[in-house]
Amino acid sequence: MLLERQPQLAQLDNLLAQAARGRGHVAALSGEAGAGKSTLVDAFVSGTGQEARIFRSVCEDLSIPDPLGPLYDLAREAQWAMPQAVDARQGQRLPLFSDALDVFEARTGATLLVIEDLHWADDATLDFVRFLGRRIANTHILLLVTARTDRSEGQVRVRRALGEIPAGSVARIDVPLLSEAAVLSLADAAGRDGDAIYRATAGNAFFVTELLSAENETALPASVRDAVLARAERLSAGARSMLDAVSVFPRRADAWALHGLCGVASAGQLAECVSNGLLDDLGDGYAFRHDIARRAIETMLTTSHRREFNQRALTAMLEKGDIATARLVHHAVEAHNLEAVRELAPVAAREASRIGAHRDAAGYYEVALRQADGLPMEERAGLYENYAFECHLIGRIAEAIEAQQQARVLQRALGNTLKEGDSLRCLSRFAYLMGDRQAADLFGAQAVALLETAPAGPELAMAYSNLSQLAMLAERLDETLSLGDKAIRLAEQAGRPDIVCHALNNVGAAEQWLDLPSARLHLARSLEIALEQNFQEHAARAFTNCACSEMNQLDYNQAQSFLDRGIDYCVENDLATWRDYMRGVRAQLLLRYGRWDEAAAEALEVVTNDHAAALVRYPSLVALAKLRLRRGDPSAEPLLAEMKRFLEKGAELQRLLPYAAVVAEQAWLGEAEQDEALGLIDLAESLSPKRAVFAELASWRRLLAPAIGPGDTSGMAAPYQMLLAGDWQGAADLWAAMGAPFERGLALVQGDQAAQRSALEIFENLGARPVAQHVRDLMRRNGVNHIARGPRRTTRANSAGLTLRQMEVLQLIERGFSNKRIADHLAISPKTVDHHVSAVLGKLDAISRGEATAAARDSGLI
């Protein structure tokens with residue numbers, strides 16, 4: 001009998017019934033290792049009868065995951081020739097996933113897809129889960145996934161993937177530990193000491209089963225590992241050897257593989273392992289009852305035995321053929337077969353990259369490079385270049401730079417000018433992503449200088465486009481257009497639409513300050529080419545620059561449309577770098593709309609991602625720094641410090657402008673030196689002659705130093721022009737029409753007494769306490785009486801009575817931060833964090849962090 005799982009089974013039954021009616025869902029079973037997730041899945045599947053088509057798959061604990069391995073499993077069960085489908089779609093994931101959706105959608109009745117152990121999944125499989133989850137609502141599909149609740153990187157990736165599926169399409173089902181009463185009941189039936197077993201296991205279902213099966217009824221094993229090993233020691237020598245052999249297979253050992261591994265596998269030896277509860281007989285293979293047990297046996301193998309068993313497994317798989325390269329690489333690595341690793345790892349990397357599993361591709365190239373010393377120089381250079389490219393796609397920029405430097409050295413030694421120049425161009429791009437503008441400029445110039453000594457071709461065209469991009473980012477508009485035109489002419493001669501697409505993007509982004517219709521035309525053409533030709537990174541960049549251009553023109557509706565489409569595109573194509581950059585821009589847009597809690601949540605997702613590159617973090621830093629400054633949060637300082645460090649390696653205008661605006665706002669509130677703010681504004685204005693670029697800074701200078709004239713306002717957006725001309729009411733009305741309350745408040749502050757009272761109300765409603773207090777001080781200095789005091793700061797946050805600081809702590813608890821990490825993130829002491837966490841738990845009537853976040857979700861707090 002399956003104890004204490006009836007609520008979960010009932011919920012799954014209900015979800016399957018909804019799927020049969022055309023309302024599909026993703027059901028995510030989560031629990032600690034050994035909690036009984038697989039047992040629950042087995043019970044649910046066995047109880048469905050003929051109600052649904054059922055396809056099952058698992059993710060294996062390979063050293064590097066098998067790209068789309070679970071989807072291949074599901075396809076085989078559905079009798080879908082997926083390898084041919086991959087070839088037909090040329091590895092493009094979205095068309096391939098669309099084909100999969102057509103295969104699995106029954107349209108009459110329900111389809112149950114099961115993917116177990118999603119925490120071991122590759123990136124491409126997680127992307128398939130995202131893809132299906134975002135379309136599942138109107139299908140007859142129930143996608144059931146299982147994952148552990150540990151704090152591993154894999155679990156974090158699962159949580160993020162599920163978080164990018166519409167909330168209404170995901171049902172999260174917890175698989176809790178067994179209660180003490182359940183353990184006592186099981187122990188009583190077995191005639192064992194239930195209290196002792198519960199103390200040792202805390203209710204972990206697998207642990208309970210293992211200890212109940214222990215041979216010694218009086219002395220309880222010290223651990224589950226001891227219980228498994230004790231049972232293994234009871235086996236005959238032949239059966240124990242067979243058990244050891246099976247342990248090197250991460251998921252299951254097929255019968256044909258065991259034959260190759262051990263000769264003619266003795267049915268009696270395997271039956272002995274099964275009868276002792278160590279292996280399950282799957283009909284055509286054997287597997288441990290749980291990975292915990294497999295690991296307990298595998299860790300007892302000597303190094304020589306582990307290598308021997310893995311080499312035999314590799315040999316058997318190579319003889320059979322038609323085995324996933326990822327599995328071959330796993331056994332080659334474990335066998336320490338360096339020749340096989342050198343041969344197989346690059347193949348696995350190319351296969352992974354082809355279907356967009358870039359994290360796995362980087363892992364395979366890394367494995368290959370460890371054994372690359374004996375390879376020809378040209379082959380090694382190619383491995384380094386491919387590794388660098390994959391690393392840059394997944395945000396590991398430091399590793400990308402190091403690998404590209406190695407490739408450059410090798411190409412120079414080979415005398416290959418074109419490839420060395422292209423390496424320099426790549427280094428320029430990678431340095432920029434790291435926030436090192438000076439190095440980006442240096443590498444970019446070196447690339448062009450070197451490539452101009454060789455016959456002109458696509459390498460030089462891309463090098464020109466790279467310099468055009470750097471000029472655009474610095475708002476050097478004429479240089480952008482000139483270099484962009486060179487790049488486009490060369491790229492068209494070389495038949496390279498990808499480079500044309502890249503250069504058009506630069507030209508369009510620069511033209512927004514010169515000829516807006518032409519800018520929009522060139523940006524639209526760049527995006528069109530990228531989408532037509534499946535140039536994914538170029539498409540993401542085009543979405544980004546289209547959105548930023550509309551933000552600069554204050555067309556917030558168009559900006560939001562580009563951001564929403566662009567972020568969706570990046571989510572579905574696993575373009576984490578551009579996705580996170582656009583999320584920061586969207587956080588700035590939400591800030592403009594006065595949706596500050598949403599802005600904070602959006603920006604925090606990026607800022608708390610330790611793997612995000614410096615450039616990727618910058619837009620989120622801007623949004624979060626402004627928000628915290630306006631709310632009076634001292635944790636704004638670390639964000640400003642990071643922004644300043646970024647600028648120390650090259651104060652390009654696109655990054656300097658928002659930093660100067662934040663410092664100006666600080667100075668207006670009396671929290672920074674006015675001279676520093678005005679100096680930054682002067683520096684920004686000295687870097688480009690185009691006045692329209694400085695509209696926001698000009699409005700801050702008017703607040704800081706009204707005596708300084710507005711200067712030339714031509715080309716600036718209308719509300720800034722009005723404000724600088726003294727028409728605060730007209731500016732306020734325009735900001736109101738755009739739905740930008742904070743900017744409207746800043747305009748009203750510069751008006752009469754009634755306008756200032758309106759501004760005060762706006763800032764109070766937004767929760768901008770320091771700004772509201774500053775406005776009160778201004779009004780008092782101007783002789784205004786009877787100024788509203790405003791609500792107390794500690795009672796404003798929400799219906800649960802949480803303070804704003806406690807709300808922030810709650811958000812970080814929900815993200816899985818430890819108290820120490822919360823303290824580091826908020827720049828407060830661990831002891832203070834302890835007090836905040838205790839207060840949060842108390843106010844939400846929760847006894848654990850998990851209960852607190854669940855209660856907060858239920859009440860809409862997060």
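**Helix pairs and selected residues**

Apart from residues within four places in sequence, Arg-294 is in contact with Asp-61, Ser-247, Phe-249, Pro-250 and Phe-288. The model is a predicted one. Arg-294 belongs to helix 15, which covers residues 291-298. With a relative accessibility of 5%, Arg-294 falls under the 20% limit and therefore counts as buried. Its side chain also forms a polar contact with the side chain of Asp-291, at 2.9 Å.

A second buried residue, His-330, is located in helix 17 (residues 325-335). The relative accessible area of His-330 is 7%, so the residue is classed as buried. When residues up to four places away in sequence are not counted, His-330 touches Asp-61, Leu-62, Ser-63, Val-248 and Pro-250. Asp-61 and Pro-250 thus appear in the contact list of Arg-294 and also in that of His-330.

The loop between helix 16 (303-320) and helix 17 contains Asp-322. In Asp-322, phi is near 55°, which is a positive value in a residue other than glycine. Asp-322 has a relative accessible area of 80% and is exposed.

Helix pairs were examined next. Helix 18 (residues 338-354) and helix 19 (residues 358-370) cross at roughly 165°, and their axes come within 8 Å. Because of this angle, helix 18 is roughly antiparallel to helix 19. The crossing of helix 18 past helix 19 is left-handed. On the side of helix 18, the contact is formed by Val-341, Ala-345, Pro-346, Ala-348, Ala-349, Arg-350, Ala-352 and Ser-353. Helix 19 contributes His-358, Asp-360, Ala-361, Tyr-364, Tyr-365, Val-367 and Ala-368. Sorted by class, the contact of helix 18 with helix 19 comprises 11 nonpolar, two polar and two charged residues.

For helix 26 (residues 497-511) and helix 27 (residues 516-533), the packing angle is about 155° and the axes are 8 Å apart. Helix 26 is therefore roughly antiparallel to helix 27. Helix 26 passes helix 27 with a left-handed crossing. The residues of helix 26 in this contact are Pro-497, Val-500, Cys-501, Leu-504, Asn-505, Val-507, Gly-508, Ala-509 and Glu-511. Those of helix 27 are Leu-516, Ser-518, Ala-519, His-522, Leu-523, Arg-525, Ser-526, Ile-529 and Ala-530. The class composition of the contact between helix 26 and helix 27 is 11 nonpolar, five polar and two charged residues.

Asn-534 is placed in the loop between helix 27 and helix 28 (536-552). Its phi is near 60°, again a positive value in a residue other than glycine. Asn-534 is partly exposed, at a relative accessible area of 27%.

Another asparagine, Asn-573, sits in the loop between helix 29 (556-572) and helix 30 (576-592). At 3% relative accessibility, Asn-573 is counted as buried. Residues up to four places away in sequence being left out, Asn-573 touches Arg-93, Leu-94 and Gln-536. Ala-540 is 33 residues away from Asn-573 along the chain, and the C-alpha atoms of the two are separated by 9.6 Å.

Towards the higher residue numbers, helix 39 (residues 741-749) and helix 40 (residues 753-766) cross at roughly 150°, with axes that come within 8 Å. This angle is over 145°, so helix 39 is roughly antiparallel to helix 40. Their crossing is left-handed. Helix 39 takes part in the contact through Pro-741, Phe-742, Arg-744, Gly-745, Leu-746, Leu-748 and Val-749. The residues from helix 40 are Ala-755, Gln-756, Ser-758, Ala-759, Ile-762, Phe-763 and Leu-766. By class, 10 nonpolar, three polar and one charged residues make up the contact of helix 39 with helix 40.

Phe-763, one of the residues of helix 40 in that contact, is also touched by Ala-772. Ala-772 is part of helix 41 (residues 769-781). Besides Phe-763, Ala-772 touches Leu-760 and Glu-764, with residues up to four places away in sequence not counted. Ala-772 is buried, at 0% relative accessibility. From Ala-772 to Glu-761 the C-alpha to C-alpha distance is 8.1 Å, for a separation of 11 residues in sequence.

Notes
Residues numbered from 1 in each chain as written. Predicted model: local features only at pLDDT ≥ 70, side-chain atom pairs only at ≥ 80, totals over all residues. Heavy atoms only, no water. Axes fitted to C-alpha atoms, helices over the stretch in contact; angles between N-to-C directions. Helix = DSSP H or I, 4+ residues; strand = E, 2+ residues; numbered from the N terminus. Parallel < 35°, antiparallel > 145°, perpendicular 65-115°, else oblique. Left-handed = near helix turned anticlockwise from the far one by under 90°. Contact = heavy atoms within 4.5 Å. Nonpolar A, V, L, I, M, F, W, Y, C, P; charged D, E, K, R; others polar. Buried < 20%, exposed > 50% of the residue type's maximum accessible area, 1.4 Å probe, protein only. Polar contact = N/O pair within 3.5 Å; in protein donor to acceptor, adjacent residues only side chain to side chain.
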